[in-house]
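Here are some comments from going through the model with a colleague's eye. Have the structure open while you read, and jump to whichever point interests you.

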Amino acid sequence: MKRLINIIGIIFLLASCSTTKHLPEGEVLYTGQKSMVVKNPYKTLIGETAMEEVEAALAKAPNNAFMGSSVYRAPFPMGLWIYNRFVGSKKGLGKWIFNRFAATPVFISAVNPDIRTKVATNILHEYGYFNGTVTYKTFVYPKDSLKAKLQYTVDMRNPYFIDTVSYVGFSHYTQDVMELGRRRSLISPGEQFNVLDLDGERTRISSLLRNMGCYYFRPDYMTYQADTTLVSGGHVSLRMIPVAGVPKEAEKPFYVGNNTFSLMGPQGQMPNDSLLYKDLWIHYYKKLKVRPNMLYRWLNYRGYRRKRQELSRGGMRRRPENLYSEYRQGRIQERLAGLGIFRYMEMQYVPRDTALVSDTLDLHIRAALDKPYDAELDFNMKMKSNNQTGPGAAFTVTKNNVFGGGETWNVKLSGSYEWQTGKDNHSLMDSYEMGISSSVTFPRVVFPRFGDRQYDFPATTTFRIYADQLNRAKYYKLLAFGGNVTYDFQPQPSVKHSFTPFRLTFNMLSNPTAAFDSLRNENPALYISLRNQFIPAMEYTYTYDNASKRRVRNPIWWQTTLTSAGNLTSCLYNFLGQSFSKENKELLGVPFAQFLKINTELRYHYKIDNNQMMATRFAAGAIWAYGNSKIAPYTEQFYVGGANSVRAFTSRSIGPGGYYPSTDSRFAFINQVGDIRLEANLEYRFRMVGDLHGALFLDAGNVWLMREDAERPLGKFRLKDVPDQIALGTGLGLRYDMDYLVFRFDCGIALHDPYDTGKSGYYNIPKFSDGLAFHFAIGYPF
């Protein structure tokens, strides 16, 4: 108590100090901004982008700003108090306190609102608001003339739009290329004028010309002339012209001649040996550690080795040489960098003669291999929504370029230990998990082969084998081992395909205890889902993510996975004369799972403005076990709840359907899984101050069974029961977003339980406190 009184006394002592007593003569303390006034706002994407940049140009945090805000301040300006109290101290404790804790005052002169308004006005002009203005007012404190606030007024007014676009002053070849590419132009008649599109158009045309052989062309070789007097009514005529002094070789098409690849030694030694593979010269130090055919393949895509068209005023004629292509250069660089086996790599296109009389460029590539081995050790601490917590670790060793073709081979050892926390758990579900896996990834499609043709996009083949053992203390041990083959393709930056034609897993249940036998008697279906069985499956995953696309304001992410297990094996049995739907068929003397599974998730983020967003997610899934077994493996079934799902409920505490386990059941969360999953989330995200964000959310979802289960009544999916069996929750949360890391705290509030709670009405939560759930997590939920 005495310490608290002393602290309060120190605060009052400092508060008695003026924050302006020792300001330099003629200076005024800047105390922040009043809310900005925006007149004639133009609610378009370009208009909002312009305002974001204007706000950034005008923003300036005062002393003791709250989370970096220009408007809000913390109530106690400790730094300023200390500054004014100890500014004259030149030695001793006072000097130490001043150097350690004093805050240098922010003056109106340092904010320089005159310059800021000019910069902000120029930003408006760059986005087509040629008549837009930015002004400011200074508000001096009535009781202290040495303190003042600023208020900015932005008058956007009507923007200008593009009327015509023409290309003038270029060579015939350049002009023809530009005209042929006009349909993809970023600046078209009728669009709003803005410098971002103008700069983007210069870059687009430069890339177009460089893809047609103009190696020395650059975006800076073009500029614009804008005229608002030729047309009326807020329109502008644009002419793109070459800048003065453009070198003549900039518009000249060049062709690629010889290719040379130099592989340096491990210590940077120069190559001392060489060989010729087809038309590729390879220089290396002592021993070549990369297969020549792979180097040749990486540098010579079948799709690239084609004849290109040369444009002329008289028409088009063909030449057998390869035109230089910026796109081809980028693809080669991406392919070599994506292999992950080179420490550094540089490409140079060298002209045949320094006078540039020849139209041929020779390609020289210098590279050095990275270290052959990588090792990684990861530690983590898991805190799950089902109250499981504990440490984990993983150690991975990777051998790079294992077969001399960019392949990687890794071995991973992992382990974790978890125990059940929370009231009345008594460590009943302590468990540990150990695993080992090994995989080999080839930077190409290994099988089937398509001759020497290479995909014009990233494609990999991965072979993996693994073994994991899970020990549930006092219950059982579950050993899972198997392998798979996976092909990954990314034909576009926004699209990825993953196909696993073969995945075989064997689950072996061992060391069941009496407690588990009791559980098996209570719920035979659960036992069947955990019994010894093979899971022969094939899988396909499609992922779409357009967040990286240009001009995408509201990104969409969609992923769908299709899994088929046991069906090819059953077809083989059918071929041998047994019924496809026959139960209890075996593979190597062990039953195998047979099911079809689909899982899909769609996310859509709608950006309201720079500080607000609506984030939505819809997820659905279904698994149908049939034929050999009517119950899907436990690891393949669905559940909801937790920090990234329906946040008003903990993980595996909902469903299936309207089923509610008895309060004395020790196995409740094990039973609360299902064959069907429906889930929807809506979250309003908003910036509070600086990097601190808030969220209001609404979550709904549940799981259901495909078939009746006497041990879980009301669990089967029936369309008429869905409205009452959807668990609904709302809540609010805080996020501290540092760009590279997000700390999240959510408080979920249950609105509707999917089962009969004994309370009538849609809001059927017996007590408000019973419907609260708290989650601390890293990252956004979706």
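The numbered points below go through surface patches, a hairpin, a helix and some salt bridges.

1. A word on the source before anything else: this is a predicted model. Local features are described here where pLDDT is at least 70, and side-chain atom pairs count only at pLDDT 80 or more.

2. Start with the nonpolar patch on the surface. Its members are F66, M67, Y72, M688, L734, Y736, F743, F745, F774, F776 and I778, and together they have about 1,100 Å² of accessible area. Three strands give two or more residues each: β31 (727-737), β32 (742-752) and β33 (772-778). The largest share is that of β33, with three residues.

3. The patch also takes in F66, and this one sits in a loop, between α2 (45-58) and α3 (78-86). How accessible is F66? Its relative accessibility is 36%, so F66 counts as partly exposed. That value also clears the bar for patch membership, because patches are made of residues with over 30% relative accessible area and no salt bridge.

4. Follow that loop into α3 and the picture changes. The helix is mostly covered, with seven of its nine residues buried. The buried ones are G79, L80, W81, I82, Y83, N84 and F86.

5. Next, have a look at the hairpin of β9 and β10. The strands, residues 273-277 and 280-284, run antiparallel and are joined by five bridges. One pairing to pick out is L276, whose bridge partner in β10 is W281. There are two residues between the strands, and K278 takes a positive phi near 55° in this hairpin.

6. There is a charged surface patch too. D370, D374, E376 and D378 gather there, and the charge is negative. Of these, D374 lies in strand β16, residues 373-383. With a relative accessible area of 36%, D374 is partly exposed. As a reminder for anyone viewing the strand, side chains in a regular strand alternate between the two faces of the sheet.

7. On to salt bridges, of which the structure holds 29. Within helix α8 (residues 195-211), the side chains of E201 and R204 meet at 2.9 Å, N to O. Why are they about one helical turn apart? Because E201 and R204 are three residues apart in the helix. Both E201 and R204 are buried.

8. Now for a pair from two strands. The side chains of E346 and R366 form a salt bridge at 3.7 Å, N to O. This one links distant parts of the chain: E346 belongs to β14 (residues 342-351) and R366 to β15 (residues 360-369), 20 residues apart. Are these two buried or partly exposed? E346 has 31% relative accessibility and so counts as partly exposed. R366 is partly exposed as well, with a relative accessible area of 32%.

9. Last, D746 and R744. Their side chains meet in a salt bridge at 2.7 Å, N to O, and both residues are buried. The pair is also part of a network: salt bridges that share partners join R647, E683, R685, D699, R735, R744 and D746. If you only have time to inspect one set of side chains, you could pick this one.

Key: Residues are numbered from 1 along each chain as its sequence is written. Side-chain values use heavy atoms; hydrogens and water are left out. Patches are made of residues with over 30% relative accessible area and no salt bridge: like charges are joined within 9 Å, nonpolar side chains (Val, Leu, Ile, Met, Phe, Trp, Tyr) within 5 Å. Accessible areas come from the Shrake-Rupley method with a 1.4 Å probe; for residues, only the protein chains shown count as cover. A salt bridge is a side-chain nitrogen of Lys or Arg within 4 Å of a carboxyl oxygen of Asp or Glu. Helices (H or I, at least four residues) and strands (E, at least two) are DSSP runs, numbered from the N terminus. Buried means under 20% relative accessible area, exposed over 50%, partly exposed in between (1.4 Å probe, protein chains only). Two strands pair if DSSP finds at least two bridges between them. Lys and Arg count as positive and Asp and Glu as negative; His and the chain ends are not counted. The place of a charge is taken as NZ of Lys, CZ of Arg, CG of Asp or CD of Glu.
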